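Please examine the sequence and the three-dimensional structure shown here before reading on. The paragraphs below lead from the chain as a whole to some of its individual parts.

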Amino acid sequence: MELLKACDIKFCRNPRLDVTSCTNLPIDLVFLPAADIAAYVAEGNVDMGITGQDIIEETGLVVEQLLNLNIGRCKVCVQVPKTDGITNPSLLLGKRIVTSFPNITKRYFDKLAGSDNHGTSIRVVHGSVEAACSLGLGDAVVDLVETGETMRAAGLEVCSEIMTSESVLIANPHSNLKELITYIKKRVQGYVRATMYCYVAYNAPRDRLSEVLSITPGHTSPTVSTLEDSSWVAVSALVKRPDVHIIMDRLEAAGAVDVLVFNLSNTRL
């Protein structure tokens, strides 16, 4: 919802309905479970969607991945009981594996074995996968790991990483609305990039300008303006969000004053 708002995609949704029309763009919005979105985009009449790369890999559906959204980052991992001390996933061939990703899991163990004749049992469950080992259903699990907190609470540890995943903007490769898809993608891309940067503005002594500009070179180039006091200049530039506090400290040490940081709502970079 935050992403749609930031892209100025306006709508009024009836909580009882999964479909609503946008009030300022010629699009309809359909609210679906993430696991189903790739299918509707690939094989239905939905032109664009947002889902996880793990879902796309699991379903094997053909969609166009337009843009990584830098949200929902996680890993699909083989996890084993910590007390077993298994670090080589080959030792799990022929064992019982519990997962909600049967296709990803089968392909992984087929590749590991070099064939599809390895006797590994893959059991599918749709919730609480991490409990499978302690409850005697499996010898290992294949599941998502984000922070690892749930995994560790269940007494599990990562034995092998299968893939990384995050939310992505996808499109039907056969859609006849390419121009509108590109238009929406630019709005979403502008928001995603806005979350990656901050806008910093400050005043600095003119005789230390080269030093402060080396700290904030900007995305293309910083903006430098002359102040009423000609011995000072005003500088503004884009900086990467994770670096903003270190940059503020360095600017202050270099003589900059009145350092301000602004969040961005959207961009066209």
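Of the 269 residues of the chain, what percentage count as buried? The share of residues that count as buried is 40%. This value, like every other one in this text, was computed from a predicted model. A residue is called buried when its relative accessible area is under 20%, exposed when that area is over 50%, and partly exposed in between. These terms recur throughout the explanation.

The overall dimensions of the chain may be considered next. Along the principal axes, the C-alpha atoms fill a box of roughly 80 × 50 × 35 Å. The radius of gyration of the chain is 25 Å, whereas a compact globule of 269 residues would have a value near 18 Å. The accessible surface amounts to about 15,300 Å², and carbon and sulfur atoms hold 51% of this area.

The chain contains eight helices and 14 strands. Contacts also link parts of the chain that are distant in sequence. Among contacts with a separation of 6 or more, 69% are made by residues that stand 24 or more positions apart.

Two pairs of residues illustrate how separation in sequence and separation in space may be stated side by side. Arg 16 belongs to the loop between α1 (2-6) and β1 (19-21). Because its relative accessibility is 80%, Arg 16 counts as exposed. From Arg 16 to Arg 152 there are 136 residues in sequence, and their C-alpha atoms are 38 Å apart in space. The second pair includes Leu 177, which is located in the loop between β10 and α6 (178-196). Leu 177 counts as partly exposed, with 37% relative accessibility. The C-alpha atoms of Leu 177 and Val 224 are 42 Å apart, while 47 residues separate the two along the chain.

The interior can be approached through one helix. Which residues of helix α2 are buried? In this helix, which covers residues 34-43, the buried residues are Ile 37, Ala 38, Val 41 and Ala 42. Viewed down the axis of α2, these buried residues lie within an arc of 115°, and therefore they line one face of the helix. Among the elements that cover the buried residues of α2 are β3 (48-52), α3 (53-59) and β10 (167-171).

A second helix, α4, spans residues 102-113 and contains Thr 105. Is Thr 105 buried or exposed? Thr 105 counts as buried, because its relative accessibility is 0%. If residues up to four places away in sequence are not counted, Thr 105 touches Ile 97, Thr 99, Ile 122 and Val 142.

Charged side chains provide the next topic. Side chains of opposite charge can pair when their charged atoms come close. In this model, the count of salt bridges comes to eight. One of them joins the side chains of Glu 161 and Lys 75, with a distance of 3.4 Å from N to O. Since Glu 161 lies in strand β9 (residues 156-165) and Lys 75 in strand β5 (residues 74-81), the pair ties together parts that are 86 residues apart in sequence. Both partners are partly exposed: the relative accessible area of Glu 161 is 40%, and the relative accessibility of Lys 75 is 38%.

Helix α4 also holds a salt bridge, between Lys 106 and Asp 110, whose closest N and O atoms are 2.6 Å apart. The two residues are separated by about one helical turn, because they are four residues apart in helix α4. Lys 106 is partly exposed, with a relative accessible area of 41%, whereas Asp 110 is buried at 16%. A further salt bridge is formed by Glu 211 and Arg 208, with 3.2 Å between the closest N and O atoms. Glu 211 has a relative accessibility of 35% and counts as partly exposed. Arg 208 is partly exposed as well, at 29%.

Finally, the surface includes a nonpolar area. Which residues make the nonpolar surface patch of about 270 Å²? The patch is made by Tyr 199, Leu 260 and Phe 262. Tyr 199 is placed in strand β11, which covers residues 197-205. With a relative accessibility of 31%, Tyr 199 counts as partly exposed.

Methods: Residues are numbered from 1 along each chain as its sequence is written. This is a predicted model: local features need pLDDT of at least 70, side-chain atom pairs count only at pLDDT 80 or more; totals for chains, interfaces and linings use all residues. Side-chain values use heavy atoms; hydrogens and water are left out. Patches are made of residues with over 30% relative accessible area and no salt bridge: like charges are joined within 9 Å, nonpolar side chains (Val, Leu, Ile, Met, Phe, Trp, Tyr) within 5 Å. Accessible areas come from the Shrake-Rupley method with a 1.4 Å probe; for residues, only the protein chains shown count as cover. A salt bridge is a side-chain nitrogen of Lys or Arg within 4 Å of a carboxyl oxygen of Asp or Glu. Buried means under 20% relative accessible area, exposed over 50%, partly exposed in between (1.4 Å probe, protein chains only). The radius of gyration is taken over C-alpha atoms; the globule rule is 2.2 Å times the number of residues to the power 0.38. Contact means heavy atoms within 4.5 Å. The arc is that of the directions from the helix axis to the C-beta atoms.
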